[in-house]
Amino acid sequence: MRAFTGVAVLGAMLMTAPTFAQAPAQPAPKPATPPAPPAAAPPAPAPPPVAKFPEGTKFAFINIQRIANESAEGKVATTKVQALNQKKVADLGERNKALQADQQKLQSSGGVMSDNARAELEKKIERQQVDIQRATQDAQQEVQELQQQLQNEFQTKLMPIVQQVFNEKGLQILFSAGDSGIVWADPGLDITEDVIRRFDIGKPAPKAPAAAAPQPAPPAVPKPAPKPPQN
């Protein structure tokens, strides 16, 4: 049963903000006539009516992914995964900056270094590349393990709630919408909302997570700068 969507891990994050030239402000001309009042916004469409569960029906279905996304328990778990992911991204970014600085040093100053100093710097760059590759793999594994742990805990807490709703409605069969291959069904047979409502009873609303920055692609490990020709 898949409950959480994995969050992509990795990379040095490089964010640039575009700049815009501003023209000098021009005085606005006086209107010849008073401006017309703005048109009234059209009324918001009424929410669709909630489908009622058919009385006497012995089967229903739930959407596990929706429960994970909308329930308080699921939101808390997602926030934990995002926090760990962002921590790993920041760590890998710092490692990558150090590597780039040493590569730049080798490229710009390698020609005036002694043979021993240049060889030592080249070895350091190679070690940094290996360390970044290993740290990337470790970060991915750590995030995946946390996801799996939280998913198992989520399912352990969810199943008794599903059983309660199942019994209260006198059901004999309950399908998972994401796994059962349902093509069409009466919306009233969807008891996901009932499960979410029961799951959230007595649970405080989770704190809204900080806006997630765009997840960067895994950084390509730069190759060492070519050795400068020796005189």
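1. Let me start with the core. The largest nonpolar core in this predicted model holds 19 residues, and I62, I67, L158, I191 and V195 have the most contacts inside it. Four elements give two or more residues each: β1 (59-62), α1 (64-70), α3 (115-168) and α4 (192-199). The biggest contributor is α3, with 6 residues. As background, nonpolar side chains in soluble globular proteins tend to be buried together.

2. V195 is a handy residue to click on if you want to see how this core is put together. Leaving out residues up to four places away in sequence, V195 touches I62 and I67, and also L158, I161, V162 and V165. Of these partners, I62 falls in β1 (59-62) and I67 in α1 (64-70), while L158, I161, V162 and V165 fall within α3 (115-168).

3. Now for α3 itself. This helix runs to 54 residues and spans 80 Å from its first C-alpha to its last, close to the 80 Å expected at 1.5 Å a residue. There is still a kink in α3, of about 25 degrees, at L158, shortly before the proline P160. L158 is also one of the residues with the most contacts inside the core, so have a look at that spot with both things in mind. After the helix comes G170, with a positive phi near 65 degrees.

4. D138 is worth a glance too. This residue lies in helix α3 and counts as partly exposed because its relative accessibility is 49%, in between the 20% and 50% cut-offs. In sequence, D138 and K88 are 50 residues apart, yet their C-alpha atoms are 9.5 Å apart in space.

5. Don't skip the loop between α1 and α2 (72-109), where S71 is found. S71 has a relative accessible area of 0%, so this serine is buried. Its contacts, again not counting residues up to four places away in sequence, are R66, F154, I196, F199 and D200. Among them, F154 falls in α3 (115-168), and I196 and F199 fall in α4 (192-199).

6. Finally, confidence. The protein averages a pLDDT of 77, and 66% of the residues score at least 70. Two stretches stay under 50. One is residues 1-32, for which the model has 57 contacts beyond four places in sequence. The other is residues 208-225, for which there are 34 such contacts. I'd keep those pLDDT values in view when looking at contacts in either stretch.

Conventions: Residues are numbered from 1 along each chain as its sequence is written. Side-chain values use heavy atoms; hydrogens and water are left out. A nonpolar core is a set of buried Ala, Val, Leu, Ile, Met, Phe, Trp, Tyr and Cys residues joined through side-chain atoms within 4.5 Å. Buried means under 20% relative accessible area, exposed over 50%, partly exposed in between (1.4 Å probe, protein chains only). Contact means heavy atoms within 4.5 Å. The expected span of a helix is 1.5 Å times one less than its number of residues. The bend at a residue is the angle between axes fitted to the seven residues ending there and the seven starting there. pLDDT is the predictor's confidence in each residue, from 0 to 100.
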